[in-house]
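Work through the exercises below with the structure in view. Each task is followed by a solution in steps.

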Amino acid sequence: MHRAKLVMTGRLARAAAVVVLVAGMAAETPATGAPPEAAQVAALPTPESALGFRPGDDFKLATYDESLAYFRALDAASDRVTLVEAGRTSEGRPWFFALVSSPANLASLDRYRAIAQRLAHPSGLTDEEARRLAAEGRAFVHIDGGLHASEVAAAQHTIQLAYDLVANASDRRIARILDNVVVMLWPSVNPDGQNIVVNWYREHVGTPYEVAPLPRLYQKYIGHDNNRDAYMLDMIESRVLTRTWREWEPQIIYVHHQTSPFPTRIWLPPFAEPIASEVHPLMSRTVNAIGMLIAQALEERGQVGATHMGTGFDAWYPGYIDYLPMLKNTAAFWTETALYRYATPHYYTLADFPRDKAALRSESLYPSPWKGGWWRLGDAVDYMLTASTAVLDYAARYKDELLYNRYQGGRDTIRKYAAEPPYAYLVPQDQRDPVAPVELLRRLAFNGIRVSALTAPVTIEGRSHPAGTWVIPMDQEFAELARQLLETQTYPDLREYPEGPPEQPYDAAGWTLPYQMGVEVVAVATPLSDEARASLAPVEGRPADWRSEDDAAPFDSVPGPGFDTDPVAAGIRPAAATPSGSGPVLVIEPGQNNAFRAVNAAWRAGGAASLDDHGRWAIAGVSDTVMRGLVESLALKAGRAGPARGVRVEQPRLALYRPWTASMDEGWTRWLLEQYGFDFTSLYNADVAAGDLGARFDVILIADERAGTILEGFQAGTVPPPYAGGIGNDGVRALDAFVRDGGTLVCFNQSALFAIDALHLPVQNTVAGVAREAFFASGSILEVMVDTAHPVTSGFPERAGVFVSRSPVFTTLPGFEGTVLMKYRASGSPLMSGYLLGEEHLNGRAAAIDVRLGRGHVVLFGFRPQWRGQPFATFKMIFAAAVFHGEVAAQAGGTEGFWTPPVK
Ligand SMILES: [Zn+2]
């Protein structure tokens, strides 16, 4: 048959599609006796007919809206495609994925989904039953158009892949895929970003700014960090994906990226070292096998330059949306295809190559070195089509094993933690911030971890735990995820060579959520007693419908659709709160993030707020109803009292610096301030340089940003003129005047170095220029001692964990006036989780400082206080700094009651 030998990927596939179309038309003449699918194929719209170009053509990109329109047309024309609405994006855009399979499979979807569910949650299943289900079931494979929207090829390849699968169903290989696999094909997993990037490119293609970087984030708040949110689930997109995966339980999740290490053309698993320590080995083996099969498929098509492992992409951090599912016994991975910029082609010569690759030597895992030449969007699309099809081919050939191994992963995990510690984690309800454990547990539950609660007081390992205590029994199938998030990380000591500098972790080394969120969690090292087991009741609530717009619980830090759409998460709530006592003032216990939600709400309602030197906020001038409503909805520990004590705090005129360089940290800060009800203004370079800032603002925040970026921004000529440059010398003078006249400038992490230099602060970064083999503390949690008397750190415990990443370490210089807010211990290691080399560079040094300058303050945080929306324990420091102005600021620093120890 003329269609039997069609090759299914890339340019050949496009040529083939035309052949099929022609054959289909010919089939309309009765004499040929064409098979039934031919008639259907004839009606299928090609990508080219719908878009006006072929996916992968130079200078052409389809938006998400256009891509979705094409998928809708395919759905209408084919019985092999069904579109499913997954949810809405951060910008409210409807978000769909396609199920692609044989008509027979699509007719039995409910049955196949039930099998996938049963094997994913194997409790009570025997091996024999599991084998039968694996044989009967179909593989579910998630493939998508990427979530890093500037990596443009992925979302173009999904359009072609959809067509190829549907139009060439009689090709033997494709037929096997459609018979054995239900493809969950997502046009994009960042629809907003795809539109943003494509529209930007269209605006500038053919101009001198054709390849200019995007001057904004390609996700409403967090841009590239949309692939770092898999367990925190702060963003709507992360929750939509996670919820959908839990509904369908795919056995493979494959996400395309585009930062192949130059000059290789595609990076594939196996991953670099280290990988997550407790992943089921079958999952790692599966991903390794798939990586090798993709490479082989590429070579078969003459697509050279595939590589594996290397030093770049390790899999230690579980925040990747395309790796976390490994901890739930799903083969999840990503690949990195080469990219120039957008849809613009580029010619490379050997002179562009790094020296060790210019010799074009064959390597064991890079046996077909790429020799340079043109690299086009179409090449990247073709590599991705080969890779995606190879993954589907693997799933079709090894369908039974894939399904059975999903079962084995869960079964083995349940057995493991029935026999070895930790047997459970206990989470007391009574905590400093009663909402923090709820925020932690709701995230775990949304990710599929079951939570119970004690129905009666029980003594476990010598400690009595009251009824209501939450319990995570570890004999459950996704237990490894709970362990990865709750336990301390010990990053392996990997060196570039013996005694050499440590290898740079690709991402964070330690993230332990109880430390970051300030939540006490108790690991249980001995088996739970029968009495304890008998007192466990699974937590379950009434789940909200994700289609309803506004189902986030008011105490949650995330906007709707929130965690309540999961039944277990919906059942995890803070204890009901009512204000104790009587009186016109509401006094809020210290240390609660939601105190700031209450204060912001009170200001908005025309009330007044004051802060005492124990970190207690008092709210006055609002009605009883408002007061009670705040306490109940925000689950506040609070009481009513007589006249307010402490210092009156007015609502600040707050600004957040927003560079054109698309700062993720700015985005995370903006997100956080919005969630906690702060009113603020985004401050752009021109606004800063225009000066007279004190007339407009009381407090200015600058998130983590390099000094050079703040000062200089994008170089002139690389972006359209409105986006070029930084705040410049005018901006520095304006900020200096703003502080000296009484303003508060707050700088996170690297931006502290900008402030020290630009404003000539008597503070020094003591680790500047220290060699990496002497001091290395990237992406870890360190312990600090806190001055709890200062308004910015009031409400903290005396010791706290802070997340550092490329962080400065401070000492004060002669002439310093102000307060050391946090400092590292005088001796010994402050490491709580992750990796630290050279603790002596931290001992006795400061991690946060309030510097007096003129009549104002510069508050420096030498860490990441809101890193990726995770450290709930340090959020309140940002909030407190955001309201650190007026009377409170005038009294702080050097006056009695505020601790100002000397720092050497
Ligand atoms: Zn990427």
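Axes are lines fitted to C-alpha atoms, for helices over the stretch in contact, and angles run from 0 to 180 degrees between N-to-C directions. The model used here is predicted.

**Exercise 1.** Describe how helix 9 and helix 14 pack.

Solution. Helix 9 covers residues 172-180, and its axis lies 8 Å from that of helix 14, at an angle of about 60°. The two helices are therefore oblique to each other. Their crossing is left-handed. On the helix 9 side the contact includes Arg173, Ile174 and Asn180, and on the helix 14 side it includes Thr389, Asp393 and Arg397. Sorted by class, this contact holds 5 nonpolar, 2 polar and 4 charged residues.

**Exercise 2.** Do the same for helix 8 and helix 14.

Solution. Helix 8 (residues 153-167) and helix 14 (residues 377-397) have axes 9 Å apart and an angle of about 55° between them. Helix 8 and helix 14 are therefore oblique to each other. Helix 8 crosses helix 14 in a right-handed manner. Among the residues that meet are Ala153, His157 and Asp164 from helix 8, with Leu377, Met384 and Thr389 from helix 14. The contact divides into 10 nonpolar, 5 polar and 1 charged residues.

**Exercise 3.** Classify the aromatic pair of tryptophan 267 and phenylalanine 313, and locate both residues.

Solution. The ring centres are 4.8 Å apart and the planes differ by 55°, and the pair is tilted. Tryptophan 267 belongs to strand 6 (residues 266-268), while phenylalanine 313 sits in the loop between strand 8 (306-308) and strand 9 (314-315). The two are 46 residues apart, and the pair links distant parts of the chain. Both tryptophan 267 and phenylalanine 313 are buried.

Note on methods
Residues are numbered from 1 along each chain as its sequence is written. This is a predicted model: local features need pLDDT of at least 70, side-chain atom pairs count only at pLDDT 80 or more; totals for chains, interfaces and linings use all residues. Side-chain values use heavy atoms; hydrogens and water are left out. Helices (H or I, at least four residues) and strands (E, at least two) are DSSP runs, numbered from the N terminus. Angles under 35 degrees count as roughly parallel, over 145 as roughly antiparallel, 65 to 115 as roughly perpendicular and the rest as oblique. A crossing is left-handed if the near helix is turned anticlockwise from the far one by less than a right angle, and right-handed if clockwise. Contact means heavy atoms within 4.5 Å. Ala, Val, Leu, Ile, Met, Phe, Trp, Tyr, Cys and Pro count as nonpolar, Asp, Glu, Lys and Arg as charged, and the others, Gly among them, as polar. Rings of Phe, Tyr and Trp (its six-membered ring) pair if their centres lie within 6.5 Å; planes under 30 degrees apart count as stacked, over 60 as edge-to-face and the rest as tilted. Buried means under 20% relative accessible area, exposed over 50%, partly exposed in between (1.4 Å probe, protein chains only).
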